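Q: Could you take me closely through one part of this model, the strand pairing, and then place it among the domains and the contact between chains? Please say how far each term reaches, as I would like to follow the description against the coordinates.

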Amino acid sequence: MRLNRQTAQGRWHRRPDGKAKTTGELAYLTDLTAPGMLYGKVLRSAYSHARLLAIRTERAERLPGVHAVITHRDVPGLNRFGIVQPDQPVLCEDLVRYVGDAITAVAAESVELATYALTLIEVEYEPLPVLDSPEAALAEDAPLLHPEGNVLHRTSYARGDAEAAFDECVHIVEQTYRTPRQMHGYMETEGGLFSYDADGRLVVRAATQHGYKDRMQLARILAIPEERIRVVSSPIGGSFGGKDELNVQPYGALLTMRTGRPVRLHNSRRESVIAGLKRHPMRVRMKTGIDAEGRLLAHEVEIVADTGAYATLGAPVLNFATEHAMGPYRIPHVSVQGRSVYTNNGVSGEFRGFGGNQVIFALEGQMDRLAALAGIEPWELRRRNLRAAADPGPMGQTIAPTDGAILVWRSAARSRLEARSSVPAEQAGDPPWLRRGIGSAIAMHGSGLGYGIPDPGGGRLSLTGEGQLEAAFSFEEFGQGIVATLEIMMLELFGCDAADLSIVLGDTDKAPHSGSSTASRSTTIAYQTLRELQPRLTEAMLTVAAAACGAPQETLATGPGGIWLRPPGSEPRRLLSYRELAERAARSERPLRFETAIHFPVTPDPVMGAHFLYTCTAVTVEVEVNTLTGAVTVQSQQHAVAAGKVVNPMGYIGQIEGGASMALGFALMEDAEMEGGRYATENLDTYLLPGVADTPATLEIDAIEELAPDDPYGPRGIGEVGSVALAPAIAAAVRDAMGPGVWVAELPIRRETLIRRFAPSEEGTR
Amino acid sequence: MTRIEQGEPGGSDWQGIVNGEPMRLHVRASQRLLSLLREELGLTGVKASCGIGRCGACTVLVDERPVNACLAMAYQCAGKRITTIEGLADGEGKGELHPIQRAFIEEGGFQCGYCTPGMTLAVKALLDEHPTPTREQTLQALSGNLCRCTGYGGILRAVERCASDSRLPDG
């Protein structure tokens with residue numbers, strides 16, 4: 001289905017947070033204030049690798065208006081954080097490993113005072129050799145950044161005998177690909193408000209993608225029970241994976257504990273760039289071979305990821321990259337080796353696509369190169385190798401059957417035909433320095449956390465005392481629209497009005513554990529939770545209503561405003577409102593409140609990190625390359641997405657368009673370059689995010705809703721899949737525009753690279 | 001007239017009109033318009049993001065023209081009419097939204113919403129000048145405002161909706 005507002009018709013649903021967001025009324029967590037509030041600032045390292053010889057805070061402490069200066073000595077519990085393995089110091093003791101490392105934190109009566117106080121803190125460093133690349137960190141004589149060495153994580157996957165199978169191949173392509181250190185670029189930088197409530201519990205109001213995980217980590221750092229902490233984690237001004245790990249929370253919490261006063265922290269953009277996570281830069285070497293018919297026989301992959309100074313989710317990201325390095329293809333002989341390497345660069349971690357973006361760029365580049373080598377049309381080469389619905393997953397694991405790959409392939413095949421027929425006519429009117437080309441790429445993307453990682457979810461459904469149908473999930477709303485998706489699901493399940501609903505999100509005091517708002521998992525968790533709880537709540541409500549009104553329960557149903565009598569053959573009428581129902585229920589012993597804990601669907605096969613639910617996408621683009629300036633303009637994009645039913649058309653379109661914009665930046669302009677372990681770019685003047693003028697003139701979405709027959713898992717999350725296949729499609733289109741011999745192996749595709757590589761060959765021919 | 005007393009030295013008396021209301025404040029010599037609006041007046045619809053005038057999250061209208069409040073000094077805006085997102089719908093009926101706000105909601109012109117106040121005011125300035133803008137005019141007018149969530153599709157459709165509404169005979 002071509003998805004847009006017109007085709008969505010009655011399913012087009014305005015977001016419930018629209019009024020608050022468009023009027024500026026919505027209070028983000030960084031907008032909050034409290035009486036007597038202090039302002040926190042964090043001193044971060046002046047070096048990317050150094051021993052700390054001394055930290056002197058006396059001058060800062062003496063500054064009038066400064067209420068606290070804390071160091072590692074003031075961390076009562078574990079002075080470490082990290083979602084999987086806590087190895088990042090909250091406040092460094094004797095060693096700094098990157099420029100984002102925190103050394104002290106200050107609370108003062110104004111931001112200016114706190115910032116000034118930081119300048120009075122004297123830190124003595126003994127600089128150490130900087131490991132500014134995985135290559136440097138892997139050198140034999142490299143100093144060890146962590147006791148276990150400089151390799152955070154290794155992966156190894158093999159089937160068949162790739163080495164031997166290359167002997168059978170007629171065509172082999174070997175290429176090394178490189179991808180950039182992309183920044184999340186959320187518009188709201190990290191921050192929030194920290195305070196005590198009337199019961200002396202610590203209230204943390206700060207952005208994250210997993211409030212309960214923050215609570216666990218903070219309890220460990222502060223050495224207080226989790227129950228003494230409330231985490232409010234919604235709404236958020238963008239995250240994209242970047243706020244999943246703790247950021248300012250430990251400092252706000254420690255400063256509040258120390259001063260007993262509310263403390264606000266709000267990172268400047270520069271602080272956000274320096275301390276914040278990035279997408280893993282990866283070097284991916286692939287050697288891939290086909291037989292005479294163009295069938296993939298052997299595929300050898302070596303991945304080296306720069307994970308930066310600390311672990312955070314570096315290991316799961318590498319697992320994901322390893323799993324996705326085979327794409328949606330049948331390949332009998334495979335060998336994948338991955339290493340995620342500690343360096344003194346910025347910390348890499350979770351980012352939309354989760355390691356898939358990098359390897360899909362490489363793999364699709366291999367397919368295009370093989371097609372050229374074998375003289376096979378590149379999309380045809382893919383068809384010959386595409387997985388079938390019942391095939392196992394990329395690492396041989398059982399997955400939910402999906403023919404998404406062939407469905408998106410067909411959709412893209414049509415897009416390619418249309419583009420092939422229109423491009424020559426457009427080209428005819430172009431000046432000679434403009435070249436047009438088209439390119440396509442295909443990918444499959446797993447959702448959920450994967451085998452071997454606890455992936456619990458759940459939620460609560462209730463009729464509140466005020467007569468609201470309340471859905472409570474600990475998910476965060478950071479723009480993705482889970483609030484709208486939940487509202488739509490609730491409206492369908494209860495047949496009620498939006499005014500009857502209350503959606504409670506992102507508060508450990510008010511919502512049960514739903515797991516993280518990551519990994520394209522929330523829609524699936526919400527669907528499965530509501531599907532289980534709605535019949536129970538409805539049954540309980542109708543029982544109360546039947547007793548109250550003396551009507552047979554089977555003639556009752558939930559509807560707009562309350563419980564409706566639907567006698568056969570006569571007009572339905574409302575018997576009692578939800579409020580009246582709530583009052584009736586309050587008199588009975590039976591609370592209208594149901595909670596459940598579920599687990600994200602997972603493969604039964606013990607393959608670490610392997611996924612069970614997959615979405616597929618194929619992207620076709622038309623680009624224009626200016627051979628004088630090196631500028632690549634993406635004129636049109638077609639995205640085919642196979643992810644089950646479109647619950648929320650506006651949200652779906654927004655996720656694909658937004659994911660595509662982010663992927664456009666990844667392909668053409670974004671790279672947080674580092675030199676000697678320091679960021680060469682610290683703000684949005686030199687780190688370029690796509691602007692409105694980079695929007696393609698047309699972007700079409702083909703939403704393929706068919707799932708396998710009797711698929712019980714419901715609609716799939718689409719938060720990431722829009723960002724994974726655009727970059728290789730652009731790379732293919734650039735090559736198509738520029739002609740044979742011009743292959744893109746490194747992202748972003750820089751203008752200067754294009755000019756340098758291609759312009760000289762134009763001389764004399766134009 | 002709202003008057004906020006501040007005892008700090010080294011500043012000056014500041015008068016201006018904020019969202020239609022005459023204001024008299026004490027501003028510090030080094031104070032940015034962003035700080036005056038967000039911190040002193042509590043207008044948190046004015047967002048802080050890059051702090052160097054590149055993202056447009058802090059866009060407000062000063063005498064109807066879009067300005068990055070993170071760059072403008074407060075004293076430079078003395079005597080001016082300043083409109084923040086909180087004041088955009090002032091001309092509408094009580095509880096009503098401005099047509100641009102309605103268009104953003106209708107077309108999905110926002111997700112996280114953090115760029116939305118600034119983006120909305122940039123659209124206001126565009127449409128005041130060009131009620132039915134060309135694509136070029138729109139792209140130019142909104143190039144100072146970054147949105148990381150939407151990919152700008154919903155925003156452009158919202159602008160188009162406003163423009164086509166104003167093309168209606170009684171629009």
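A: What follows starts with the strands, then turns to the domains, the contact between chains and the predictor's confidence.

This is a predicted model, in which local features need pLDDT of at least 70 and side-chain atom pairs count only at pLDDT 80 or more, while totals for chains, interfaces and linings use all residues. Residues are numbered from 1 along each chain as its sequence is written, and chains are lettered from A and ligands numbered from 1 in the order in which they are written.

Helices (H or I, at least four residues) and strands (E, at least two) are DSSP runs numbered from the N terminus, and two strands count as paired if DSSP finds at least two bridges between them. Strand S14 of chain A, residues 263-266, is covered on both faces, with Val263(A) and Leu265(A) buried on one side and Arg264(A) and His266(A) buried on the other. Here a residue is buried if 20 or more other C-beta atoms lie within 10 Å of its own, exposed if 12 or fewer, and partly exposed in between, with C-beta atoms placed from the backbone. In a regular strand the side chains alternate between the two faces of the sheet.

S14(A) pairs in the parallel sense with strand S1 (residues 38-44) of chain A over 2 bridges, and in that pairing Arg264(A) is the bridge partner of Tyr39(A). Strand S11 (residues 191-196) of chain A runs antiparallel to S14(A) and is joined to it by 4 bridges, with Leu193(A) standing opposite Arg264(A). Arg264(A) therefore appears in both pairings, as the partner of Tyr39(A) and opposite Leu193(A), and is itself among the buried residues; strands of a sheet pair through backbone hydrogen bonds, either parallel or antiparallel.

Elsewhere in chain A, an open sheet of 3 strands with antiparallel pairing has the order S6-S2-S8. Its edge strands are S6 (95-96) and S8 (122-127) of chain A, each pairing on one side only. Strand S2 (residues 50-56) of chain A is antiparallel to S6(A) over 2 bridges, where Val96(A) is the bridge partner of Ala50(A).

Another open sheet of 3 strands, also with antiparallel pairing, has the order S22-S23-S24 in chain A. Strands S22 (556-559) and S24 (573-577) of chain A stand at the edges with a single partner strand each, so one side of each is left without a neighbour in the sheet. The twist from one strand to the next averages 35°, where axes are lines fitted to C-alpha atoms (for helices over the stretch in contact) and angles run from 0 to 180 degrees between N-to-C directions. Strand S23 (residues 562-565) of chain A is antiparallel to S24(A) and joined to it by 4 bridges, and Trp564(A) has Arg574(A) as its bridge partner in S24(A).

Domain bounds come from an automatic or database domain assignment, which divides chain A into domain 1 (29-128 + 186-239 + 243-275), domain 2 (282-450 + 605-762) and domain 3 (456-599). The centres of domain 1 and domain 2 of chain A, taken over C-alpha atoms, are separated by 37 Å. The contact between them takes 18 residues from domain 1 of chain A and 22 residues from domain 2 of chain A, two residues being in contact if their C-beta atoms, placed from the backbone, lie within 7 Å. Helix H9 (residues 269-275) of chain A gives the most to the domain 1 side of this contact, with 4 residues.

Between the chains, 40 residues of chain B are in contact with 41 residues of chain A. On the chain B side, the elements that give two or more residues are helices H2 (99-107), H3 (116-129), H4 (135-142) and H5 (153-167) of chain B, and H2(B) gives the most, with 4 residues. That side divides into 20 nonpolar, 16 polar and 4 charged residues, where Ala, Val, Leu, Ile, Met, Phe, Trp, Tyr, Cys and Pro count as nonpolar, Asp, Glu, Lys and Arg as charged, and the others, Gly among them, as polar. Arg167(B) lies in helix H5 of chain B and counts as exposed, with 10 C-beta neighbours inside 10 Å.

As to confidence, the predictor gives the complex an ipTM of 0.97 and a pTM of 0.97. The mean pLDDT (the predictor's confidence in each residue, from 0 to 100) of chain B is 93, and 93% of its residues reach 70 or more. Over residues 3-7 of chain B, however, pLDDT stays under 50, and the model has 4 contacts beyond four places in sequence for them.
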